[in-house]
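Student: I have a model open and want to test the labels people attach to it. Can we go through them one by one?

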Amino acid sequence: MQYGPIIPILRYDDSKAAVEWLCRAFGFERHQVFEDEAGRVIHAELRFGNSMIMLGTTANETDFGKHLKQPREVGGHQTQCPFVMVADPEAHYARAAAEGARIVFELKSDESSGRSYSCHDPEGFLWSFGDYNPWTAAAG
């Protein structure tokens with residue numbers, strides 16, 4: 001039986017700062033955040049509506065982590081990019097830009113994919129945000 005939610009997992013050099021920034025700039029909310037004795041965030045779950053991301057620190061060397069590369073290690077390139085549906089792309093764009101998100105693709109409208117923009121967070125991960133909803137688009 002299938003359950004459904006797909007939860008991206010990211011690793012940050014400064015995971016504690018990442019949690020704070022993702023909440024301020026993108027509107028994520030803390031679900032659970034676990035720190036080690038040094039105060040590093042070793043595991044965090046951040047909610048966005050009924051979606052979630054998980055993140056941890058690159059300092060936590062695990063077998064899982066050995067399979068991941070940071071954008072800084074691969075010339076800033078990405079192998080995937082989360083797309084997050086937002087109700088008000090203009091307000092979201094303004095919030096992210098005010099917090100220093102590096103805008104890669106300016107806010108624009110497209111017939112096939114709604115109104116959206118893409119940006120890098122402080123550690124170089126690429127994110128896209130917009131009002132396109134593939135579930136309602138497929139029904140139409």
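Tutor: Start with a cut-off. A salt bridge needs a side-chain nitrogen of Lys or Arg within 4 Å of a carboxyl oxygen of Asp or Glu. Keep in mind that this is a predicted model.

Student: What makes lysine 16 and glutamate 35 a salt bridge?

Tutor: Their closest N and O atoms are 3.4 Å apart. The limit is 4 Å, so the pair qualifies. Lysine 16 sits in helix 1 and glutamate 35 in strand 2 (residues 29-35), so the bridge ties together parts 19 residues apart in sequence.

Student: Why is lysine 16 called partly exposed?

Tutor: Its relative accessibility is 38%. Buried means under 20% and exposed over 50%, so lysine 16 falls in between. Glutamate 35, at 41%, also counts as partly exposed.

Student: How do you know that arginine 47 and glutamate 29 form a salt bridge?

Tutor: The closest N and O atoms are 3.1 Å apart. That is within 4 Å, so the rule is met. Arginine 47 lies in strand 3 and glutamate 29 in strand 2, so this pair links parts 18 residues apart in sequence.

Student: Why does arginine 72 count as exposed, but glutamate 73 as partly exposed?

Tutor: Arginine 72 has a relative accessible area of 52%. Exposed means over 50%, so arginine 72 passes. Glutamate 73 is at 44%, so it is partly exposed. The two side chains meet in a salt bridge at 4.0 Å, N to O. Through shared partners, Asp13, Arg72 and Glu73 join into one network.

Student: How many salt bridges are there by this rule?

Tutor: The count comes to nine.

Student: What makes leucine 68 eligible for a surface patch?

Tutor: Its relative accessible area is 31%. Patch residues need over 30% and no salt bridge, so leucine 68 clears the area cut-off. Leucine 68 lies in the loop between strand 4 (51-57) and strand 5 (83-85). With Ile9 and Phe64 it forms a nonpolar patch of about 260 Å² accessible area together.

Student: Which residues have the most contacts inside the largest nonpolar core?

Tutor: Leu22, Phe26, Phe28, Leu55 and Trp127, in a core of 27 residues. Helix 1 gives the largest share, seven residues.

Student: And the whole fold: how many helices and strands are there?

Tutor: Three helices and eight strands.

Student: Why is the chain called as compact as a globular protein of that length?

Tutor: The radius of gyration is 16 Å, and the globule rule gives 14 Å for 140 residues. The values are close, so the label holds.

How values were computed
Residues numbered from 1 in each chain as written. Predicted model: local features only at pLDDT ≥ 70, side-chain atom pairs only at ≥ 80, totals over all residues. Heavy atoms only, no water. Patch = residues over 30% accessible without salt bridge, like charges linked within 9 Å, V, L, I, M, F, W, Y side chains within 5 Å. Areas by Shrake-Rupley, 256 points an atom, 1.4 Å probe, with all protein chains shown as cover. Helix = DSSP H or I, 4+ residues; strand = E, 2+ residues; numbered from the N terminus. Buried < 20%, exposed > 50% of the residue type's maximum accessible area, 1.4 Å probe, protein only. Rg over C-alpha atoms; globule rule 2.2 N^0.38 Å. Core = buried A, V, L, I, M, F, W, Y, C linked by side-chain atoms within 4.5 Å.
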